[in-house]
Amino acid sequence: TQISSCECCTHSGVNYNNGDSWRSAESPCDICQCLVGLTREQCYTPCRNPTAPPPNTCCPVCEGCGVNGHEVPNGAVIPFGDPCEECRCENGNMVCSQKCPPLRCSNPIRQPHLCCPVCKTCELDGVEYDEGSNWQPEGPCSSCTCANGEALCTRTQCAANNCLHPTRITGSCCSVCDSCTYNQRVYSNGQSFMTPDRPCHTCTCLHGTVQCERQSCPQLNCRDSYTPPGECCPRCRDCSYENRVFLNGEVFPNPVSVCEECTCVSGRIDCHQAQCSEPRCNAPMPGQCCQNNCNGCSYAGKEYSNGQQFPHPTDSCRTCSCTNGNVQCLMKRCSPLTCSNPYLIQGECCPQCPAPPSDCVYEQSSYNHLEHFSDPNNDCRSCACTNGTVRCKRKRCPFAHCSHPIKQDCCRSCEGCLYEDQQRVNGEMWDNPSEPCVECACRDGSVQCQRKRCPASNCKHPVQRDCCMSCDGCMYNGREYLDGNEFRDGSDPCVVCHCYGGNVACSRIPCDEKCSHPYKPPRQCCGECDRCSYNGAVLLNGQSIPDPGNPCYECICQRGSVQCRRKQCPEALCPNPVTDACGCPVLCDGCNFYGRDCLSGEQFAHPTDSCQRCSCQAGEVRCAVPECPKLACVHQVTDPGACCPRCRGCVYGGAEHTEGSSWFADSTPCMTCMCVDGVTTCSEVHCLSPCVNFISVPGECCPMCADCVFEGKVYGPGDSFHPANDPCQICTCEVMPDGEQHLKCYRKQCPSLVDCPKSNILFSGPDSCCPVCAQPLSNCTTALIGNEVLATDDPCFTCQCKDLTWTCLHKVCPLLTCPLNEQFTPPDSCCPVCKDSEVSCLYQGTVYHSNEHWEVDECTSCMCLSGDVHCRSERCPPLTCANDEMPAVIPGLCCAHCLPRPATCSAFGDPHYRTFDGRMLHFQGTCTYVLTQDCESGDFSVHATNDDRGRKGVSWTKEVTVFLGDVTVQLLQDWIVKVNDEVVTLPFLREPYIYIERQTNTILLNTNIGLKVLWSPRSHVEVSVPGSYKGHTCGLCGNFNNYYQDDLRMPNGRITLSESEFGNSWRVTNGTHFRSSCRPGENVDPCKDAGYQAKKGANTRCKILKSAIFKPCHRVVPPEQWYGACVYDLCACGANTDDCLCDTLEAYASQCREAGVIVQWRSASLCAVGCPVERGFVFDECGPPCPVTCFNVDVPLGVIESHCFKPCVPGCQCPAGLVLHNNYCIPREKCPKIIHGSPSNATVTE
């Protein structure tokens, strides 16, 4: 640029004046000005990566990005070359970010060759697991971990079990032998059971192994046997003959020929001429086949009809009578004589008295000879008549050794006291009017006064009343509380106390804590389960700590409960390794067994079972039990410390004798005993004398043959033979101490079969002498000790259970005075009797003829035999019910069976209903209502009919009706019972449905389904249903589901809060017992209508329920419900409050009896029950339902109770020492003679 002197400028051929500005065409960034010279333009760019200036401009712009010689428009991706980043152009700026996708894992990792973090996972069985996670794919026995993308899994190896059917406990890995898993069911150790696939086998779980044995079957005496479907044991075939079925072995008269007798043998009928049975009378007439017709008498060549009387053919003083073929001749009855020296006139039958001495006449009155009497003119003189002469003298008075005698019968007497001009009786006590705390007593004519003795208070917190401490309130912590009050213990706000009869019972406020280690904040009663309190430490849910008491365990808090478990040990490399202090394996060169370290190869005894030998081999312990020899006996016992059982012997006289041994009893050679199958049999030796010449040897019971020659045959020492080929007769050649040889012969003694049923008594063959029982004999157990039975195979043996051994002794028969041809042995009897002793029997006021049978009850039948009553009783097998069961008897059957434990509903008073689940409700309708019924299967229904009590709105239960199948039972007032609309006499039995009886003032109804009804016509009814109907009942008694909150459920299924609406919904609206004119129930409050004084009096009288009288029952049956019902009733009853009070008290006492608490609450002034004292009865609050009578007086009490499963009821009973007979209580020694005996159980009473 050239600057001239004219102050102008020329640039690129253009002239500019001084001060002009222009942009250079060659360099747009330069701004030219004509001053002195050239000036460059200054640029400002707000972005980091601008693009080149537009044409004819100098400064770069932010309308794009210039990177590495490339221009990129705004918003476009800049090719940067880095695979981990992505860059874009934003307003002239290059913005870069990592291009990584979102991850789903919780712990992603970075790898050196990758720019983005990645999720490393493991896949196992189609399932992905995060890196570092742990899981158990196959339960507690396996554990897997995801490490570096690879699933690393380990499996716990369980030691081999030494049982066949071990059980794996839930949550544990290895199975144990503490129980058995068999057919998908778990059985506890020692449990016996039957399986559906093997019904004839009984299985037992023993230490993890199930052992099954087939049930033993009795031996049969037939060839052609068969096994019925559904049974396990074969049977002999029965016989069909003349359209009748006879059992195998049964003997019966031929229906076609009356004089033949037939036997059923393996399905075949064998008939033969019947032997004439011994007539059951002493003077029979000729019958159709035999002379054994007892429908008349043949006596001294003449025949007489039954009931005919005739004179004795040879004795005019005797009169005979014919009764059922029996002739009884009795002496004529003579009038009783009053003299001591009677005489008999020849030709007369009765003696006479000589003439009596003279009587006396004194003061115009007659007196008998030797009579003593008081002088009619002077009571203090006594007189006596002696053969017409009267002598009188003043009565002698004994000295009265007392301080306050009374005058009695002319004399001073100490039989009372005369004190302050008032006569007192001995034993009378009275208060001294001048000193109220002093009382006086008359004792044997002397008055003694002393300060009142206060009775010992039977309570722990009595209060001071007048002179003595009283239990009608409580003094507790210095404060007095009224009886029945509730208060809080000042020292502990969580404790509430009650005052009952002078005693204070305190209990803590119940906390519904559903965890074992709740955390209890300060000043709070109940704990919380969101934290745990353990060993002084507070743990959060899920937190774990080492067990402070055992370093081998760790404890974890889970929802308020702390569970401690052993720390997991590493896997063992051998079954029995040596372990450390925590039991974890550390060494396999030896073994650790029950805490004992053993060397490899070492042998040792099992530490808990001495019968096992064990050895250690390479870390594994193997144990084995030696095999025991098999025993042929039935009764076996294993002695303490022994490994193998042995045959159990017999205990006799305190000494034990081995099985199969024999000995002399009581040190006499004439009484021998033997032990067979655990039964001791003792009897006198039956001697035989088959030889002509015999001698008596000292010390021997039986005479012996002079030599060892019999029927021409010579026998050597020790030789034995059976005379006459009788297997029951045995002769043995024995050498005596003097060297002489003699034959000793006797009849073989057979072991007793105790109570083996006659149908199972078998003879093995013609060469056998003794019978056997086809089933095992019953054991003499602790429960049977003291019982006596008659042996079924021989009535001469009486067996007694003692020392856990049946001891059977042979009965000794008394000598008879009648000739042998007039003696006979009755059936099932041991000893003969005289024929003329066949007389009738008197039993319970009824006369029974000889040989007549009758039933006493379901278990007992009796027979009149030779003037004695012989009774047989069935013995029930032992019955063991589970905890949720109880025994019950089906009507008509003797023995009980187990039913699920029942629940009881009751209605009493005005009326009040206590449901099966324990809810008390009040309902006053006067219609017929469903008390309870089976709403599932319709097995039963019980209806209750209410009637108006006479006050507005209040009713009572008047009648109960029970429907069972086609049987209807009505329980009415005055103990009237109807069955199917007909009045019946109690006791009443209709097999197998019902049995009804009366116990004092209570009716008991028992049914075959376990339903029981107890009815007292004073509006008290109890219904008991077995547990099998749990959840199946409906009606006023509720639904029996152990949840009382839903008991007010109506037939439509809706639950109401109104008791009247609930009761009216169960009204019976059809049927024969429907009442059209009745009043529905309303919600009434009788105490509100009766007024304040009536309610106050009701509260006072009902307070007895909370008093000390009923205190023993308060713990099991809280009295509050009955107390409220009592107040309700007394307000409603008006003038009959005594009856209403007794109704409620009896209902509460009944509930106490059902809970097992007997309360003696009655008194002479409170609900007393009158009993006929003149017949010996007394009242018992819980009298035995099966009382002791003359029939069962000698039966052990346990046997009586085994037949009796009825509730005890209050009523009149015989006191201790007396027994019931003909509605009188008499001493047991006055009972008539009754002989007990049966095939299965017998008691002998003489």
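This passage describes confidence, selected strand pairings, backbone features and one helix pair in a predicted model.

The predicted model has a mean pLDDT of 80 over the protein, with 89% of the residues reaching 70 or more. Confidence is under 50 throughout residues 1-5, a segment for which the model nevertheless has nine contacts beyond four places in sequence. A further segment, residues 1238-1246, also has pLDDT under 50, and here the model has 39 contacts beyond four places in sequence. Where pLDDT is low, predicted coordinates should not be read in detail, and the contacts of residues 1-5 and of residues 1238-1246 are accordingly reported here without further interpretation.

Among the strand assemblies is an open sheet of three strands, arranged in the order β19-β20-β21 with antiparallel pairing. The edges are occupied by β19 (192-195) and β21 (209-214), each of which has a single partner strand, so that one side of each is left without a neighbour in the sheet. From one strand to the next, the twist of this sheet averages 35°. Within the sheet, strand β20 (residues 198-206) runs antiparallel to β21 and is joined to it by six bridges; in one of the pairings between these strands, Thr202 has Glu213 of β21 as its bridge partner.

An open sheet of four strands follows the order β73-β80-β79-β78, again with antiparallel pairing. Its edge strands, β73 (686-687) and β78 (720-721), each pair on one side only. The edge strand β78 is joined by two bridges to β79 (residues 729-735), and these strands run antiparallel, with Ser720 standing opposite Thr732 in β79.

A hairpin is formed by β57 and β58, which are separated by two residues. Strand β57 (residues 553-558) pairs with strand β58 (residues 561-566) in the antiparallel sense over six bridges, and Tyr553 stands opposite Arg566 in β58. In the turn of this hairpin, Arg559 adopts a positive phi of about 50°.

Two further backbone features are found in loops between strands. Most residues other than glycine have a negative phi, and most peptide bonds are trans. Against this background, Asn387 is a residue other than glycine with a positive phi, near 50°, and it lies in the loop that runs between β37 (378-386) and β38 (389-394). The peptide bond joining Leu986 and Pro987 is cis, with omega of about 0°, and Pro987 is found in the loop between β103 (982-983) and β104 (988-990).

Among the helices, α5 (residues 1120-1133) and α6 (residues 1137-1154) have axes that come within 8 Å and cross at roughly 160°. Because this angle is over 145 degrees, α5 is described as roughly antiparallel to α6. The crossing in which α5 passes α6 is right-handed. On the side of α5, the contact is made by Trp1122, Cys1126, Asp1129, Leu1130 and Cys1133, whereas α6 contributes Thr1137, Cys1140, Leu1141, Thr1144, Ala1147, Tyr1148 and Gln1151. By class, the residues in the contact of α5 with α6 comprise eight nonpolar, three polar and one charged.

Note on methods:
Residues are numbered from 1 along each chain as its sequence is written. This is a predicted model: local features need pLDDT of at least 70, side-chain atom pairs count only at pLDDT 80 or more; totals for chains, interfaces and linings use all residues. Side-chain values use heavy atoms; hydrogens and water are left out. Two strands pair if DSSP finds at least two bridges between them. Axes are lines fitted to C-alpha atoms, for helices over the stretch in contact, and angles run from 0 to 180 degrees between N-to-C directions. Angles under 35 degrees count as roughly parallel, over 145 as roughly antiparallel, 65 to 115 as roughly perpendicular and the rest as oblique. A crossing is left-handed if the near helix is turned anticlockwise from the far one by less than a right angle, and right-handed if clockwise. Contact means heavy atoms within 4.5 Å. Ala, Val, Leu, Ile, Met, Phe, Trp, Tyr, Cys and Pro count as nonpolar, Asp, Glu, Lys and Arg as charged, and the others, Gly among them, as polar. pLDDT is the predictor's confidence in each residue, from 0 to 100.
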